[in-house]
Amino acid sequence: MRETILKDIIEAMKAKDKEKLAVLRMVKGAMQLEEINVKHELDDVEMTQILSKQIKTRKDSITEFEKGGRQDLIEQVKKEIEILEVYMPEQMSEEEISKKVLEIFAEVNPTGPSDMGKIMGKAAPLFKGKADMGLVNKIIKEKLNNL
């Protein structure tokens, strides 16, 4: 994944695609910063985490821009998210997430919302990079409230 991003930066330069180039350079900067922190070249799992953070930051920005009524910025950030999502692994559907959550519930056997931590402890490694953790959290809360 790392090499793909670096190759795509060069291709974006050649194609004079300024928008894609800017987004990929931000990813490259985040990637290099993380490599300095962990003192090794990042693998695909770590790259997925970086991309997830970049996408989450942009989604948070959209929320803020909506409050401010900045439609022009919303459109720009949505395009950036589309560029980043190309590099993300296939995301799980809501049904797949629900199915896995039910398996976790069978294993943990929660009694109420107070067991959220136990469930998230099992769910986080299972869904990390494969699903939107906000959606996972929402599904778990719904199921806990229905106990």
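The paragraphs below lead through the helices, cores and salt bridges of this structure, which is a predicted model.

A suitable starting point is the set of nonpolar cores. The largest nonpolar core holds 22 residues, and the members that touch the most other members are I5, M47, L51 and L84. Four elements, α1, α2, α3 and α4, each give two or more residues to this core. One of the residues named above, L84, touches V23, V27, L51, Q54, I55 and R58 when residues up to four places away in sequence are not counted. A second core, separate from the largest one, has 16 residues, among them M92, V101, V108 and V136.

The packing of helices can be considered next. Two packed helices are described by the angle between their axes and by the distance between those axes. For α3 and α4, the axes come within 9 Å and cross at roughly 165°. Angles over 145 degrees count as roughly antiparallel, and α3 and α4 are therefore roughly antiparallel to each other. Their crossing is left-handed. On the α3 side, the residues that meet α4 are L51, Q54, I55, R58, K59, I62, F65 and E66. Their counterparts in α4 are L73, I74, V77, K78, E80, I81, L84 and E85. L51 and L84, which belong to this contact, are also among the core members that touch the most others.

The same pair of helices is joined by a salt bridge. E80 and R58 form this bridge, with their closest N and O atoms 2.8 Å apart. The bridge links distant parts of the chain, since E80 belongs to helix α4 (residues 71-85) and R58 to helix α3 (residues 44-68), 22 residues apart. Are these two partners buried or exposed? E80 has a relative accessible area of 11% and R58 has 6% relative accessibility; residues under 20% count as buried, so both partners are buried. Apart from residues up to four places away in sequence, E80 touches V23 and R58.

E80 also offers a way to helix α2, where L24 lies. L24 and E80 are 56 residues apart in sequence, while their C-alpha atoms are 9.3 Å apart in space. L24 counts as buried because its relative accessibility is 0%. Leaving aside neighbours within four places in sequence, L24 is in contact with I5, D8, I9 and Y87. Of these contacts, I5 has already appeared as one of the members of the largest core that touch the most others.

Further salt bridges complete the account of charged side chains. A search of the whole structure finds seven salt bridges. One of them joins R2 and E35, whose closest N and O atoms are 2.5 Å apart. This pair links distant parts of the chain, with R2 in helix α1 (residues 2-15) and E35 in helix α2 (residues 18-38), 33 residues apart. R2 is buried, its relative accessible area being 15%, and E35 is likewise buried, at 14%. Another salt bridge brings together the side chains of D72 and R70, at 3.0 Å from N to O. Here D72 is partly exposed, with a relative accessible area of 47%. R70 also counts as partly exposed, at 39% relative accessibility.

The remaining helix pairs both involve α5. The axes of helix α5 (residues 94-108) and helix α6 (residues 116-127) come within 10 Å and cross at roughly 135°. That angle makes α5 oblique to α6. The crossing of these two helices is right-handed. From α5, the contact is made by I97, K100, V101, I104, F105, E107 and V108. From α6, K118, I119, K122, A123, L126 and F127 take part.

How does α5 pack against helix α7 (residues 133-145), and at what angle? The two helices pack at an angle of about 50°, with their axes 10 Å apart. That angle makes α5 oblique to α7. The crossing of α5 and α7 is right-handed. In α5, the residues that meet α7 are E94, I97, S98, V101, L102 and F105. In α7, the residues concerned are L135, V136, I139, I140, K143 and L144. V101 and V136 take part in this contact, and both are included in the second core.

Note on methods:
Residues are numbered from 1 along each chain as its sequence is written. This is a predicted model: local features need pLDDT of at least 70, side-chain atom pairs count only at pLDDT 80 or more; totals for chains, interfaces and linings use all residues. Side-chain values use heavy atoms; hydrogens and water are left out. A salt bridge is a side-chain nitrogen of Lys or Arg within 4 Å of a carboxyl oxygen of Asp or Glu. Buried means under 20% relative accessible area, exposed over 50%, partly exposed in between (1.4 Å probe, protein chains only). A nonpolar core is a set of buried Ala, Val, Leu, Ile, Met, Phe, Trp, Tyr and Cys residues joined through side-chain atoms within 4.5 Å. Contact means heavy atoms within 4.5 Å. Axes are lines fitted to C-alpha atoms, for helices over the stretch in contact, and angles run from 0 to 180 degrees between N-to-C directions. Angles under 35 degrees count as roughly parallel, over 145 as roughly antiparallel, 65 to 115 as roughly perpendicular and the rest as oblique. A crossing is left-handed if the near helix is turned anticlockwise from the far one by less than a right angle, and right-handed if clockwise.
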